[in-house]
Amino acid sequence: MKIIFLLLFFYQIGPAKPVLDTTPNLIQFVNPLIGTKKMGHTFPGATTPFGMVQLSPETNNPPMFIDKKYNPEVYQYCSGYQYDDQYIIGFSHTHFSGTGHSDLGDFLIMPVTGKIDLDSVEKNNPDKQLGSKFHHNTEISQPAYYKVTLEDHSIIAELTATDRVGFHQYTFPQSDEVNIVLDMIHNIYQHEDKNVWVFVRVENDSTVTGYRITTGWGRTRTVYFAMQFSKPFKSYGQKKYDDFTYKGFYRRFNESENFPEMTGKNIRAYFSFSTEKDEKIKIKFALSSVSSSGALKNLEKEIPHWDFEKTKSQSQSKWNQELSKILIETIEPEDKITFYTALYHTMLSPVLYEDTDGSYRGLDQEIHISEGFTNYTIFSLWDTYRALHPLFNIFHPSKNNDMMKSMLAHHDQSVHKMLPVWSHYANENWCMIGYHSVSALADAIVKGTTDIDLNKALAACINTSTVKYYDGLDYYMTWGFVPEDKSANSVSKTLEFAYDDWCIAQIAKKAKNNEVYENYIKRSESYKNVYDKYSGFMRPRLENGQWKEKFDPLDTHGQGFIEGNALNYGLYVPQAIDSMIEMMGGKDKFSKHLDRIFTTVLDEKYIEKNEDITRDGIIGAYVHGNEPGHHIPYLYNWTDEPWKTQERVRMIMNSMYSSEPDGLCGNDDAGQMSAWYIFSALGFYPVLPGSDQYALGSPLVKSALLSFENGKKLKIRTTGQGKNNVYIQRIEFNGKTINRHYLSHAELTDGGELVFYLSDKPVRKKEEMK
C-alpha cells in the first residue's frame with residue numbers, strides 16, 4: 001500500500017514548472033496530505049510560506065458541545081480535514097496547522113449545481129444539502145495548489161493563494177442555474193455562541209465585502225474580507241438563521257432576495273449564475289484584520305488579474321525558493337518526501353498578520369502600523385520555542401526577527417504587560433503553560449539574529465515573569481515552586497518557569513545587567529524544589545510543603561504534569577542537565593532511567609483521559625507525539641553512552657514519521673513536530689534554546705547543502721550511511737576532528753563542511769570516538 005500511495009502521489013503532482021530555472025523543483029517532494037490522517041491535524045489546501053490565507057477543504061464540522069458537554073469528535077477536526085472522510089462541505093480561508101485545539105475556518109465557500117433552497121438547509125448540518133462526495137483519486141495536493149472533483153455537483157474545484165488572497169477556480173457543467181454559497185456560520189470548533197456578528201455588503205454584481213466577529217479560543221476575533229467574482233452573478237440571496245425580537249425598520253424589506261446588505265449572527269448567502277459546459281468561474285477572496293477596504297487593497301495589490309495559472313506558478317516559485325535553502329540526498333526516496341514535507345510544515349505558521357500598507361489589528365483591538373518590522377501572529381509557544389524558532393534562527397533569521405518584534409508589540413498592547421503565551425489573531429488565548437516568548441527572544445539574542453533593543457526585551461521579560469495572578473506564578477515567586485493544591489500541573493509549571501527564568505538571565509547577561517542576571521539564575525534553580533530524592537522523580541508538592549500522596553510516575557492524569565508524566569516530563573531541566581544528572585544519581589543511573597523510558601510499556605490506563613497522547617506517538621513509555629520529551633533522546637550525550645542518542649533518534653525518525661497521510665505520530669503543533677525531524681535528519685538538535693549549542697545526533701540524510709541568509713553554505717556529508725549504520729565513529733568539521741557532542745551556532749552558520757563517519761557498531765566509550 002505504501003508503494004502504491006507513493007507512486008500515486010508522484011503521478012498526481014507531476015513536474016511543476018519553476019519560474020526560475022536555477023531554482024530546484026522541490027515542491028515535487030512535498031505531500032501536504034501527510035499528517036491529514038489521524039492525529040497530525042494538518043491541512044491539505046493552498047497557502048504560501050507564512051501566508052495569511054490557508055485556503056483548504058473542510059470535510060466535517062462536528063459541534064464542540066453536545067448537550068453542553070464537550071464533544072471529543074471535534075478534536076479530529078482541528079484543521080477541518082480528515083483523510084478518511086469522503087465528503088467535502090466547502091473551502092474556507094483560515095486554518096491552523098497541526099494544533100491540538102482550534103478556531104478559524106473563516107468564510108466557507110461551496111459551489112453547487114441546481115436551484116438552492118436555503119430554507120431547507122439545517123443551520124448546523126448543511127453537509128448533505130450543500131456538500132459533495134469526493135475521492136482521493138481526483139485529489140491533488142501541492143504547495144500553493146489544491147484540486148478535487150466534487151462528484152455530486154460535477155464541479156472541478158481548484159485553489160491557489162497569495163499571501164493575503166485566496167484564489168478559487170471552479171469548472172462547471174452546463175447549467176441554467178449554479179450557485180456559489182458563502183457560509184458565514186461555519187467555524188472550526190463550532191458552538192452555538194461562536195458567531196458574535198456577521199456583516200455582508202453586495203457592492204455590485206461581482207464584488208462582496210464584509211466581516212465576521214467570533215468568540216472562541218480567540219475571545220474577540222474580527223476578520224474582514226473582500227470577494228470578487230470573475231463574472232457577474234444574475235441574482236443573490238441569503239438565509240438568516242436568527243430570531244431577533246426587534247429588527248427596526250428593516251422589517252419593511254424582503255432581505256432574503258437581492259437585498260445588498262446582510263447582518264446578523266448566522267447567515268448563509270448564495271450567488272446564482274448560469275454556465276456553459278466546462279465554463280470556469282473564478283473567485284478572488286482577500287482577508288484583512290483592519291477593514292473591508294484594506295481587504296480590497298490587498299486583493300488589488302496581490303492579484304490584479306484573473307490568471308489562475310500565473311498566481312499558482314508565482315506562489316509555487318515562492319515555495320521552491322524557501323525549500324531550496326536545504327538541498328538533500330537520501331538513500332530511500334520516501335525519506336526525501338518526509339523531509340521536504342516536514343520543511344514545508346515548518347513554514348505554515350506563524351503567519352503574516354498585516355495589510356499591504358503595514359496596518360494590523362493589535363491585541364488592544366486598535367489599528368496599528370508596523371514600523372520597522374512585519375507583523376506576525378499564531379504563536380504556539382509551548383510547542384514552537386523548542387525547535388521551530390531555533391530552526392528559523394538558522395534558515396529564516398530575518399523573519400524570526402520580525403516575529404520577535406511582533407511579540408514585543410503584543411507586550412506593549414497587553415493590558416497585563418505580558419509577552420504572548422499562545423496568541424492568534426489579535427487575541428491571547430492563554431493555552432498551555434510557561435512564558436516561552438522569553439525563550440524565543442533569548443535564542444535570537446544569543447545567536448545574534450535580532451536587532452531588538454536588549455533593555456526593552458529584558459523589561460518585557462521581567463514584566464511577563466512577575467504577573468502574580470498568572471498560573472501560580474505568585475506561589476512560585478514566593479516559595480520557589482507551584483503547589484499542586486493551589487494550581488494544577490504544578491510540577492510542569494515549576495520546571496518550565498525555571499527554564500524560562502534561565503532564558504531571562506541570558507538576556508540580562510547580554511544586556512550587562514548583573515542584578516537581574518543573578519536574580520533569574522537563582523530562580524532558574526527552582527527545579528530542585530520539586531525533586532523527591534526518595535522516589536527519584538520530580539513530584540508535586542502541596543502548599544504545606546509536603547509531597548502529594550498517591551503519586552504514580554507513569555500516570556499522565558492528576559500527577560502534577562500537563563500532557564505528560566514524571567518519567568518523561570521530569571527530565572525537563574535543559575538549562576542544568578549536568579546538575580540534574582548528578583541530583584538523580586549520576587550518569588550510569590541516569591542512563592538507565594533513559595533506557596527505562598524507551599523500554600517500559602505504558603499501560604493504556606495511564607493515557608486514556610489525555611486526547612493529546614495516543615498510542616501512535618509512543619515508543620515504550622517515551623511519548624514523541626507530544627512536545628515535553630522531544631529533547632530526551634539527546635540526553636544520552638550527557639552520559640557515558642552517547643551512542644544511544646544516535647540509536648534512538650534514528651529509530652524515532654524511522655518509526656514516528658513517514659510519507660503516508662498518517663505520517664505524523666501526533667499533532668504537528670504549528671510545525672514543532674516537523675522541526676524536530678528537520679534538525680534530527682540533519683544530525684543535530686537545539687536541546688537548550690537560549691544557548692548557542694546544538695547537540696549532535698545521527699543524520700538520516702546522505703548529504704545536505706544548507707544555504708544561509710549571510711551568503712554562506714554548509715555541506716553535510718556522511719560516509720557509510722545506511723539503514724543500520726546509525727552510529728558515529730568520527731565527526732570532522734572543516735577537516736578537523738570534533739571530540740565533543742555539540743556544535744555552535746556560529747560554527748554552523750559560518751559554513752564549511754561537516755562530515756559524519758557512520759557504522760553499524762557503536763562507539764561505547766566517549767574517549768574511543770576518533
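In what order do the nine strands of the open sheet stand, and is the pairing parallel or antiparallel? The structure examined is a predicted model, in which local features need pLDDT of at least 70 and side-chain atom pairs count only at pLDDT 80 or more, whereas totals for chains, interfaces and linings use all residues. Residues are numbered from 1 along each chain as its sequence is written, and side-chain values use heavy atoms, with hydrogens and water left out.

The order of the open sheet is E9-E10-E11-E12-E20-E16-E15-E14-E18, with antiparallel pairing. Helices (H or I, at least four residues) and strands (E, at least two) are DSSP runs numbered from the N terminus, and two strands pair if DSSP finds at least two bridges between them. Strand E9 (140-142) and strand E18 (261-264) each have a single partner strand and stand at the edges, so one side of each is left without a neighbour in the sheet. On average, neighbouring strands of this sheet are turned by 15 degrees against each other, direction ignored; axes are lines fitted to C-alpha atoms, for helices over the stretch in contact, and angles run from 0 to 180 degrees between N-to-C directions. Within the sheet, strand E16 (residues 221-229) and strand E20 (residues 279-288) run antiparallel and are joined by six bridges, and Met227 stands opposite Phe285 in E20. Helix H4 (residues 308-323) lies across E9, E10, E11, E12 and E20, at about 45 degrees to E11.

A further set of pairings involves strand E2 (residues 54-58). Five of its five residues are buried (under 20% relative accessible area, 1.4 Å probe, protein chains only). E2 pairs with strand E1 (residues 46-47) in the antiparallel sense over two bridges, and Gln54 is the bridge partner of Thr47. Six residues lie between the strands of this hairpin, in which Phe50 takes a positive phi near 60 degrees. E2 is also joined to strand E6 (residues 90-92) by three bridges, again antiparallel, with Ser56 opposite Ser92.

Helix H5 (residues 333-345) has 13 residues, which at 1.5 Å a residue should span 18 Å (1.5 Å times one less than the number of residues); its end C-alpha atoms are 19 Å apart, which agrees. Of these residues 12 are buried, so H5 is largely enclosed by the rest of the structure. One of the buried residues is Phe339, which contacts (heavy atoms within 4.5 Å) Ile326, Ile328, Tyr677, Ile678, Ala681 and Leu682, not counting residues up to four places away in sequence.

Notes: Buried < 20%, exposed > 50% of the residue type's maximum accessible area, 1.4 Å probe, protein only.
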